[in-house]
Amino acid sequence: MFNQHAAVNLLDYYTTIEIIISLFIAGLLALVYKNIHYSKQRKRNSYWSLGLLLIVNLIEWTSVMLDGFSGQYRIWLVINKFLNHSLVPFLGYFVIHIWVRHSKYDRLLAVLLPGNVLFQLASIATGWTFSIDQNNYYHQGRYY
């Protein structure tokens with residue numbers, strides 16, 4: 001995304017934005033906690049989805065920071081990108097599950113989400129959705 005050596009100031013701005021987003025998510029978590037109209041199940045689902053959003057946000061920030069860093073961090077960049085591409089659909093599932101409850105799509109999602117994880121695992125070797133070059137830079141794959 002950003003070249004660390006040429007755009008250090010952009011990384012500082014990106015970090016600031018990520019901190020603001022994390023604080024916003026923490027505020028949403030507090031609002032869910034204080035909401036007396038949500039059932040325990042709805043609160044639990046909201047905690048899961050907002051917590052997952054916070055984790056995905058942290059993973060994305062870490063990926064940007066590791067992009068182009070020395071090769072010794074290559075495995076961490078690969079793990080971060082795998083988690084990022086795998087967890088975002090689960091986040092969508094939680095949001096759908098909160099607002100739609102049980103639907104006819106639950107069975108379809110129960111197949112698609114693990115299928116996506118397998119697809120992302122295969123992508124580490126094939127580069128279908130992402131690849132990391134020899135200089136430890138992230139590139140989107142042809143099926144991104």
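Accessible areas here come from the Shrake-Rupley method with a 1.4 Å probe. Keep that in mind as you work through this predicted model.

**Exercise 1. Describe the protein as a whole: what surface is exposed, and how are the elements ordered?**

Start with the surface: about 9400 Å² is exposed, and carbon and sulfur atoms supply 68% of that area. Next, look at burial: of the 144 residues, 35% are buried. Then count the elements, which come to 4 helices and 2 strands. Reading from the N terminus, their order is α-α-α-α-β-β. Finally, the C-alpha trace spans about 50 × 35 × 20 Å along its principal axes.

**Exercise 2. Find the largest nonpolar core and say which element gives the most to it.**

First list the members: L66, L77, V78, F82, F130, I132 and Y138, 7 residues in all. Now assign elements: α3 and β1 (130-132) each give two or more residues. The top contributor is α3, with 3 residues. A second, separate core has 6 residues, among them L52, I59, L87 and F94. To finish, zoom in on I132: leaving out residues up to four places away in sequence, I132 touches R74, L77, V78, Y137 and Y138.

**Exercise 3. Is V95 buried, partly exposed or exposed, and which surface patch includes V95?**

Begin by placing V95 in helix α3, residues 74-100. Its relative accessible area is 39%. Buried means under 20% and exposed means over 50%, so V95 counts as partly exposed. Last, look at the company V95 keeps: with I96, W99 and V100, V95 forms a nonpolar surface patch, and together the four have about 360 Å² of accessible area.

Note on methods: Residues are numbered from 1 along each chain as its sequence is written. This is a predicted model: local features need pLDDT of at least 70, side-chain atom pairs count only at pLDDT 80 or more; totals for chains, interfaces and linings use all residues. Side-chain values use heavy atoms; hydrogens and water are left out. Patches are made of residues with over 30% relative accessible area and no salt bridge: like charges are joined within 9 Å, nonpolar side chains (Val, Leu, Ile, Met, Phe, Trp, Tyr) within 5 Å. A salt bridge is a side-chain nitrogen of Lys or Arg within 4 Å of a carboxyl oxygen of Asp or Glu. Buried means under 20% relative accessible area, exposed over 50%, partly exposed in between (1.4 Å probe, protein chains only). A nonpolar core is a set of buried Ala, Val, Leu, Ile, Met, Phe, Trp, Tyr and Cys residues joined through side-chain atoms within 4.5 Å. Contact means heavy atoms within 4.5 Å.
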